[in-house]
Each structure stands twice: as structure tokens, then as C-alpha cells.
Amino acid sequence: GDSASSRSPRFAVMRPVTYRASDGMLLHGYVLLPSGVRADSAPLVAWLHGGPVSRVYDGYEPSMQLLVNRGCVVFVPNFRVSAGYGQQYTRAAHGDVGKGRVLADIVDGLDFLLAEGIGNRSRQAVMGMSFGGYASLLALSHHPARFRFAVAAAPPTDYGWIKQWQAEHEREAMRPEGPGLCHLLFHPVQLLLTCQTAQVGVVSQRPPDPQGTHLGDQASQERR
């Protein structure tokens, strides 16, 4: 009979990848490749971490492995503002996590992989939780023709408002008068309302929070 080792599942390796952003900055991340599938024909999914001052390490992550098992290439960018690469790397976005710089890092990484023959240009998607979910909504709102779908889990959709609330109510948050890491010039859901070329899924497993109350109040005012 088969040995226990031959019956055990084979997990995809998280391969380190470095690439240049469109402004020349050297960025880091990982790519996971499916077996038995041509890399240039496989769907390309960007898996975005939360935080945003966080990062992904080389390790087991069930959702990544599931996607690879189903034949997808998974790109995991540690875009600027990620932790673990020094303060200069973390602060290199200069507060622009909503207007375009972090999003450009994600798109630049996808373009790098595509140029290397990794991923199918016509089958791209984006997903993430918390800030990763918010960034997924940004990706779809800025590039609706590029992405086939986005999955946003527990996204802080009104990111500017929630960071302001945290600064005012949570001791660990940045003070409003201090040097900010984050700013936002628009609400991505406003643009998504006009998006007709891609699918978006928003998933929340969290109890009601201040953002939910805030959005509910906004909706009530608009109905009046």
C-alpha cells in the first residue's frame, strides 16, 4: 500500500519575490505556484494582508493553499507600509494607503509576474481581510476592467473615518495631531456602485463596531 508520506498533502512553497515598483522602490513579497498547470494560463490572485502595518511571513495559510490547490497562482505582496523591512520601508508610502501608492505597489507586482510569464492576464482577482479587504475594494474601484472579482473580508470601507475614530478613542492609535501613516481621499464603495465589469464579495464575521454604526447613520441621513 501507499506509505503515509505519499498520502500526505503537498503544500505549495511560498517563493520569495522582489520587484521594482513604478517609482523605482525595491519591494518584497511571495508567490505560490500550482502544480500541473502552466503558469502563464493559471488565474492570478493577489492575496493582500491586513494592518496595513503588518506583513506576511513564509508559513502555512489555509486560504492561499486552497487557491493554489484549485490551480491559481497566488501573489502575496508585502507592499510599502508593511512591517519587518525597517522604518523607511514602512513609512515610504508617506501616508498614501488609500489614494494610490500602496495600490500601485500591488498592481506593479502583478505586472512584474505577468511579464515573467506567471499568471493569466485576463484572469486576475484580488482578495484580503481587514485592510486587505479595503485594498481589494480599492483595486476593483480603480481597475474594474482588470480584475474579474474581489473578495473583501471585514473591510474598513470608510478607512479615513475609522482611523480618525481610533485616534480619538484608542490609546494605541496614532494621535490626530501626530504624523499620520494613513489618509484617504474618497470612499471606494462610492466608485464600486458604478462598477459593472467585475464581481465583488464583502464578508464580515465581526460584531457591530463603530464603523457599522457610522455607515448606518449615513444611510439613515441619505434616506431622509
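A residue counts as exposed when its relative accessible area is over 50%, and as buried when that area is under 20%. In this predicted model, Gly84 has a relative accessibility of 57%, so Gly84 counts as exposed. Gly84 lies in the loop that runs between S4 and helix H3 (87-90). Val53 is 31 residues away from Gly84 along the chain, and the C-alpha atoms of the two are separated by 9.1 Å.

The chain as a whole comes next. It is built with 8 helices and 7 strands. Of its 224 residues, 45% count as buried. The area that the chain exposes is about 12,200 Å², and carbon and sulfur atoms supply 52% of that area. Many contacts link distant parts of the sequence: taking contacts between residues at least 6 apart, 73% join residues at least 24 apart.

The interior can be described through its nonpolar cores. In soluble globular proteins, nonpolar side chains tend to be buried together. Here the largest nonpolar core has 36 residues, and the members that touch the most others are Phe75, Val102 and Phe131. At least two residues of this core come from each of several elements: strands S1 (15-20), S2 (26-32), S3 (44-48), S4 (73-78) and S6 (147-153), together with helices H4 (101-115) and H5 (131-142). H4 gives the most, with 7 residues. A second core, separate from this one, holds 15 residues, including Tyr30, Trp47, Val68 and Val76.

Val102 shows how one member of the largest core is surrounded. When neighbours within four places in sequence are left aside, Val102 is in contact with Phe79, Arg80, Val81, Ala93, Asp96, Val97 and Phe131.

The contact between Val102 and Phe131 also belongs to the packing of two helices. On the H4 side, Val102, Leu103 and Ile106 take part, and they meet Phe131, Ala135, Leu138, Ala139 and His142 of H5. By class, this contact of H4 with H5 has 7 nonpolar residues, 1 polar residue and no charged residues. The axes of H4 and H5 are 10 Å apart, and the helices pack at an angle of about 80°. Angles of 65 to 115 degrees count as roughly perpendicular, so H4 is roughly perpendicular to H5.

Technical notes: Residues numbered from 1 in each chain as written. Predicted model: local features only at pLDDT ≥ 70, side-chain atom pairs only at ≥ 80, totals over all residues. Heavy atoms only, no water. Core = buried A, V, L, I, M, F, W, Y, C linked by side-chain atoms within 4.5 Å. Buried < 20%, exposed > 50% of the residue type's maximum accessible area, 1.4 Å probe, protein only. Helix = DSSP H or I, 4+ residues; strand = E, 2+ residues; numbered from the N terminus. Contact = heavy atoms within 4.5 Å. Areas by Shrake-Rupley, 256 points an atom, 1.4 Å probe, with all protein chains shown as cover. Axes fitted to C-alpha atoms, helices over the stretch in contact; angles between N-to-C directions. Parallel < 35°, antiparallel > 145°, perpendicular 65-115°, else oblique. Nonpolar A, V, L, I, M, F, W, Y, C, P; charged D, E, K, R; others polar.
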